[in-house]
Amino acid sequence: MNATLEKLKHKFEQALVAAFGADYAGVDPILVPASNPKFGDYQSNIALSINKQLGQSPRTTAEQLVKHLNVSDLCEPPAVAGPGFINLILKTSYLEAQIKAAQADPRIGVATAKNPKRTIVDYPSPNIAKEMHVGHLRPAVIGDSIARILEFLGHEVLRISHVGDWGTPFGMLIVHLQQAYPEALRTTETLDLGDLSTFYRQAKKRFDEDENFREAARLAVVKLQAGDEETLLAWKIVCALSSRAYQVIYDLLGIAPFIERGESFYNLLLPGVVQALEAAGLLVEDQGAKCVFLEGFTNKEGNPLPLIIQKSDGGYNYATTDLAAIRYRLQVDKAQRVIYPVGAEQTNHFTQIFQVGRRAGWITDDVEFIHAPFGLVLGEDSKKLKTRTGETVRLRDLLDEAIARARDDLEARLQEEGRQETEEFKAAVAQAVGISAVKYTDLSQNRTSNYTFSFDKMLNLQGNTAPYLMYAYVRIQGISRKGQINFAQLGADAKILLTEETELALAKHLLQLSEVLGYVEADLLPNRLCQYLFELSQKFNQFYDQCPVLSAAEPIRTSRLVLCDLTAKTLKLGLSLLGISVIERM
RNA sequence: GGGCGCGUGGCUCAGUGGAUAGAGCAUCAGGUUCCGGUCCUGAGGGUCGGGGGUUCGAAUCCCUCCGCGCUCGCCA
């Protein structure tokens, strides 16, 4: 099914040619949602932009265009307003038909992408044996949502986590494991190291204090890279334990499954990167290191800045690994679009490796490598979020606190309303609300800006929060329970009647999902979807306030039930694309 | 010092060329509590950091200044 906007755009393109000649074929009619509802539903600003070349007033241009515009199946007669805007109001009969079609459509009227692309979304890449912290929240939540949206639109999506599972810190972890938990290397039983971060701290402490340990650690790195079996086994154990610990957090957050393809995966491909850059004539040896000198980057002395591909000691940097990943994703994965939702502080890094990838001829014009940067999570003091004692906030602690606070709110409400609920219900609602609140807050901010973290605000039941949206859904389920309505059996022959203002406003909004997802597909800004869902909830609440459903007479009753059902479906789908699940009661 | 980003009502934020700049929170005033009021209606409140420019039209593009953040060769 075509989005309304697309149909209108097509009609405008035809009218432009009909009115002003073939020169205007393919000119964008600048068709956008009306800036104010009083101007209608859509407006075209084309007359204001082409009047100069036509040598006449924009109003005249608009009027000529309208004469050739045939939109009578969709809209009321178009009106020229102000300096030359063309305003369009959708016909009620058209809206009614569209609502009915969406109701019967499993995709509720959302079209799939015309050009599906093989897409890779880069997932958070925590360092093995370190605990996940707030810094991993945004890449997880935003990456998951982007992947879900693109997948729903028909793109083939690969989710890949580039975990830090290689490099110098591993020496100390391996040696510490070998010495403190020798039994781990002899048994296939699951080993309980307790708190992994404690394990890391112990290792780090020994590394800092004990010269012998440091030497052993260095040796372990050499052995690891040489493929020594015993060392490799210890390394694998550390990685496995770590992944298992991460999985608990990912599960709690509801992050969709992904492929773990850590830095170690590219180890054998690194020499190939050096060779390829050498062959491309980009590699320069400077102060013993093999570098590519960058265009547009200078050091403090004003000289070109090098990107170090191979260190003077023969080792590799993360830029090299990332370049290897770029090649692999192109050559083996055959990716057409690669998206890196990574913090804005790494903008330079990505600009640099993409530049090298392009200059080496790997990244061609038909593929897209996109760094989708995001801002920081700030504390109330407007500084990077820390605990009261100034430490990094563990992601687990943050989520647990959100759940605990959601639980307190729920208990208070139950008491106030004199409700009795099972422990199971309370635990499930607290978790759903707490986690959703954290995720929704993160997603509802413009990805590129910093935002201030506040439990009170995100758990607020009013305003642009997850609980407000979830409540709108719960209200609809309440109607279904109370009226013993099975929404699935409303029937394809149900007549849709949009008479009240709030019904029309709700219906129009329901039909805009496709457009909104199109924006997110292009801009990778999930906050647009959040905004849409929030406005949908508001419009539903206004409708709910004004229009009785169950007590209405037929055929209005069934028509309103369809509106309720479609709203619920839209909320459920929209939230699921944000990685948020709805609940039936709360 | 160079590069990148940000600066919008008391607070948190939308809005990247189009009509009087929007929302939520908070404040104040009202409604309703009948399908779950965790709701709805209304009001006040902004020289869109300052200045200059491009344009028929600028929060949005360009220049410049101020403030804040990130970043600048062998960590990731």
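This is a short tour of a predicted model, going from the whole chain to its domains, then to one histidine and one pocket.

**Stop 1: the whole chain**

Show chain A as a cartoon and turn on secondary structure colouring. You should find 20 helices and 14 strands. Along the principal axes, the C-alpha atoms fit a box of roughly 85 × 70 × 45 Å. Switch to a surface colouring if you like: of the 586 residues, 51% count as buried. Now think about contacts between residues at least 6 apart in sequence; 73% of those join residues at least 24 apart.

**Stop 2: the domains**

Give each domain its own colour. Domain 1 is 4-90 and domain 3 is 169-259. Domain 2 needs a selection in pieces, namely 118-126, 136-163 and 266-371. Where do the C-alpha centres of domain 1 and domain 3 sit relative to each other? They lie 65 Å apart.

**Stop 3: histidine 371**

Go to the last residue of the 266-371 piece of domain 2. Histidine 371 belongs to strand β12, which runs over residues 368-371. Is histidine 371 buried or exposed? Buried, because its relative accessibility is 14%, and the cut-off for buried is under 20%.

Show its side chain as sticks and look for polar partners. A polar atom of that side chain lies 2.9 Å from the backbone oxygen of valine 342. Next along, the side chain of histidine 371 also reaches the backbone oxygen of glycine 343, at 3.4 Å.

Then select the wider set of neighbours. Leaving out residues up to four places away in sequence, histidine 371 touches Tyr340, Val342, Gly343, Ala344, Gln346, Thr347, Phe350 and Phe354. So both partners of the polar pairs, Val342 and Gly343, turn up in that contact list too.

**Stop 4: the second largest pocket**

Move on to Thr387, Glu391, Thr392, Val393 and Arg394. Of the 28 lining residues of the second largest pocket, these are the closest to its centre. The volume of this pocket is about 820 Å³.

Which helices should you highlight around it? α7 (196-209), α13 (395-417) and α15 (455-458) each supply at least two residues of the lining. Of these, α13 gives the most, with four residues.

Finish by colouring the lining by residue type. What do you get? The split is seven nonpolar, six polar and 15 charged residues.

Notes
Residues are numbered from 1 along each chain as its sequence is written. Chains are lettered from A and ligands numbered from 1 in the order in which they are written. This is a predicted model: local features need pLDDT of at least 70, side-chain atom pairs count only at pLDDT 80 or more; totals for chains, interfaces and linings use all residues. Side-chain values use heavy atoms; hydrogens and water are left out. On a 1 Å grid over the protein atoms alone, a cavity is a set of points where a 1.4 Å probe fits but cannot get out, and a pocket is an open set with protein on both sides within 12 Å along at least five of seven lines; lining residues have an atom within 4 Å of a point. Grid points are joined across faces, edges and corners, and a volume is the space filled by probe spheres set on the points. Ala, Val, Leu, Ile, Met, Phe, Trp, Tyr, Cys and Pro count as nonpolar, Asp, Glu, Lys and Arg as charged, and the others, Gly among them, as polar. Domain bounds come from an automatic or database domain assignment. Buried means under 20% relative accessible area, exposed over 50%, partly exposed in between (1.4 Å probe, protein chains only). A polar contact is a pair of N or O atoms within 3.5 Å; within protein, one must be able to donate a hydrogen and the other to accept it, and residues adjacent in sequence count only if both atoms are side-chain atoms. Contact means heavy atoms within 4.5 Å.
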